[in-house]
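I opened the model to look up a few things and wrote down what I found.

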Amino acid sequence: MMRMNRIFVLISFLFLLMVFVGFADEKVEFKASINADKIGIDDVLIYTLTFKGVENPSEPSLSDLEEFKVVQTSRSTEFRFVNGVSSHYTNFVYYLMPLKTGTLTIPPAIYKYKGEHYETEPFKVEVVKGSVAPRRAQPHRRRFPSIFDDDDDFFRSPFRRTQPREIDVKLKAEVSKRKALKGEPITYRILLFTRNRIQSVNMVSNQSFPGFWQEWFPISRSIDGEDRNVDGKIYQVFEIRKAVLFPTQTGSVTIPSLKFEMTLVVDAFSLFSDARRIVRATPEITIAVSDLPQEALGLPVGDFTFSVKADKKEVDINDILTLRLNIRARKGNIKTLEIPEFVTTDYYKIYPPKISRDTNFNQNSLSGVVKAEIPVSFKKVGLISFPALEFKYFNPDASIIVTLKSSPFSIHVKGVKEKQETALTIPQTEIIKKGEDIDFIKKGNIYDQEQYYYQTSTFKIVLVVFFLLNLLFLLKVFVFDRFITQSTLLKKKKRLNNTLNRLKKVREYSEISPILEEYLKEKAGLGLSEINNHSIEELFSKYRVNDSDIKIFIKLKSESELSRFSPQKAGSGKGEGKKLRNDLKQLIEILKRIDSRVK
Amino acid sequence: MRKRLPLLPVLLVFFITVTVSSIQLSPDSFQEPFNQANQLYEEGKYSEALSIYLDIEKKGAHWKLFYNIGNCYYKLNNFVRAKIYYLRAERLKPFEPSIQKNIEIVNKRFNDKIPGEKLDFLSRVALRIESFISLNIVSAVFLVSVIILNVFIFVLLKRGKSRFILYGVSFSLVITLLIFGYHMYRTGKQNLRNTAVIVKEDTNLRSGPGENNTILFKVNPGLKVKIIDQSRNWLQVSASSQVAGWMEQDSLERI
């Protein structure tokens, strides 16, 4: 043991010596490096200052750094062993945020040590718009973080690992245009800028904007965010709501402020994360809405396509033809769109169409389609022509009125008309037929049809009673029968009660002995052959049963046995009956006392 | 051996008797005024008849009463209220031809010609069943099924397992559960009164709850609508698959 200790001390000594010698020989070095010479304005540059051979250096000042903002600093030390010589390194890592685009300069860092002046080389960094960071599985786009996220990658860069102590959450509202024509689509986005982790966002305002027809985009289950640099701070930005607004009135129309309630994860690293609620509101936005040109008043605004088709080229005169009219909106409000109509002629009759309007929410726009199915019946046979239909709209981008025309088409109608057309729509004046009247009043017995049994207390009580009965049945089966009746105490009591009940029903002396034998068999575990006067006396004496009780018990049992073999001797006559009742009464009392003694 | 009267069957019989006697509808005091109002109607005294009918309505509801009230309103040229009462009568007695006919006639008095949504096959079948089997009958059948189930369970406990008893318990349990489900459906439907008639002139259907929302449609009194949603005193209603929107609560009357 002593030998082992000596070896350990020797090794430690040699190690320390080696380190000391290594330091003694070390040269001082001061170097700088950057991780990239071209970055985007949204990226972060890593600038590292490395000291070699300086013990515990103080942090160098970067006061000359004007075109970058330091967002985070970290310090690390390390020992390197090369060919048996150790070197001590200290690294200062700066995360720099570019403040503008162009070619930016990082000036030399200066450090004084033991009277010596050390200086690093300067760097030139090209800063472009956006981000040039390689998008490895979209590192900047993140799903809305949740408290349950186990996403280490989210905290990959050190400045994200430390959440700001203060709450830094903002809401912004953006519109695609501040000046619009009446009916022109405007995209409205609500952006959440946050440096805190957010668990949930709920809109608490009524999302109703007077003066606008609104189409809100559906809220997706998870929201993608991206990192953005705002005044040197990195925010995660989430688009939390989006709508397309169609102004319905002219002048200055204001999009009101919308309030949102958010739940922040205050301490994301604690085992028991704490949540905190905050409320933020979007700013109001005023849109200058001007009316459409005079000639375009009342026309839909946007960009549309238009078509009309018939489902058949040839039709029997008794059949119904369906014309399909489609207006597809690449941009524009399909909900308020009025479809052009065919007019009934002497050759055909047009019925009210079935109209469906489907809206598609695309990534950055709203499109949709209006479909009309127009039933047509024919009055005459032959080649019947349908005229071209016209659909006009105003294109706000080109500021022109666009007229779309469907192609005229013809349908070959054949056959013989079976019956005259019955009008589906009747003029108001012809509606009430002469003499048509409502049916006469109803007579007979009436009662309150809305007096329902199930609402009466009797119904409820009966149901409750039966429910309780069911419950009792279940309790009996599953609790009482299984557990309580199996308990020793209850078994014992049950045994005695059974015996006493049987004794109470005895009509002849001969019935007593088998009851007592069964009792002894169950109570003391005696076999039938073991039950005799001697064994009974011995058993009861053991449990200190009163001697007189033992004697009476044995006497009555013996008499009962005797009467079994000579039934004429006992149980006959009125006097005998009275004696039997008295004896049974006495036996019951004795048995109760014996039962309490014998274990 | 003297046999004791089993306690539970006696209790069951007692409960059945009490229940049936208590839930039987007693003839109400409004039969006489109803006859009197009918007499007045036949004499052409519609206002007087209406006044009595409306008094009876405070005490109870019957489809004949609603139907006659509708007739009075129709004769007094109040077609909106006539339609409301015809629809109330229809709720209590679906598929009654007289009610259907009068609704058809009164509908011709209104400007809005929006065809109502047609019922699908299953809904029609369900409604037919409802018109034949009243909720009270369903309640009574449900109660009887519960009692039968209890009797079977009791016999099972008393006499032990036998094939007949086990089949009886299983069958009555399934039947009771099915009737219970149907009873829940009917009571739920009873409590959900989501049909209404527009009563206010120039009612606007808006894109959202609130005066600030865009007007989508203008509807006239007498239009039957279905209530879909509610936000404070605003209701979202639909008259057809094409006509829907939000309106103020006091613009309509529930059926």
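The entries below cover the contact between the chains, one helix and one loop residue.

Ground rules. I number residues from 1 along each chain as its sequence is written, with chains lettered from A and ligands numbered from 1 in the order in which they are written. This is a predicted model, so local features need pLDDT of at least 70 and side-chain atom pairs count only at pLDDT 80 or more, while totals for chains, interfaces and linings use all residues.

Entry 1, the contact. I found 47 residues of chain B in contact with 37 residues of chain A (C-beta atoms, placed from the backbone, within 7 Å). On the chain B side, helix 8 of chain B gives the most, with 10 residues (helices are DSSP runs of H or I, at least four residues, and strands are runs of E, at least two, numbered from the N terminus).

Entry 2, helix 7 of chain A, residues 547-565. I checked its length: 19 residues at 1.5 Å a residue should span 27 Å, and the end C-alpha atoms are 28 Å apart, which agrees. The expected span is 1.5 Å times one less than the number of residues. Which residues of this helix are buried? They are A:Phe553, A:Lys557, A:Ser560 and A:Ser563 (buried means 20 or more other C-beta atoms within 10 Å of the residue's own, exposed 12 or fewer, partly exposed in between, with C-beta atoms placed from the backbone).

Entry 3, A:Lys177. I located A:Lys177 in the loop between strand 11 (169-175) and strand 12 (179-181) of chain A. A:Lys177 is partly exposed, because 13 other C-beta atoms lie within 10 Å.

Definitions and conventions:
Two residues are in contact if their C-beta atoms, placed from the backbone, lie within 7 Å.
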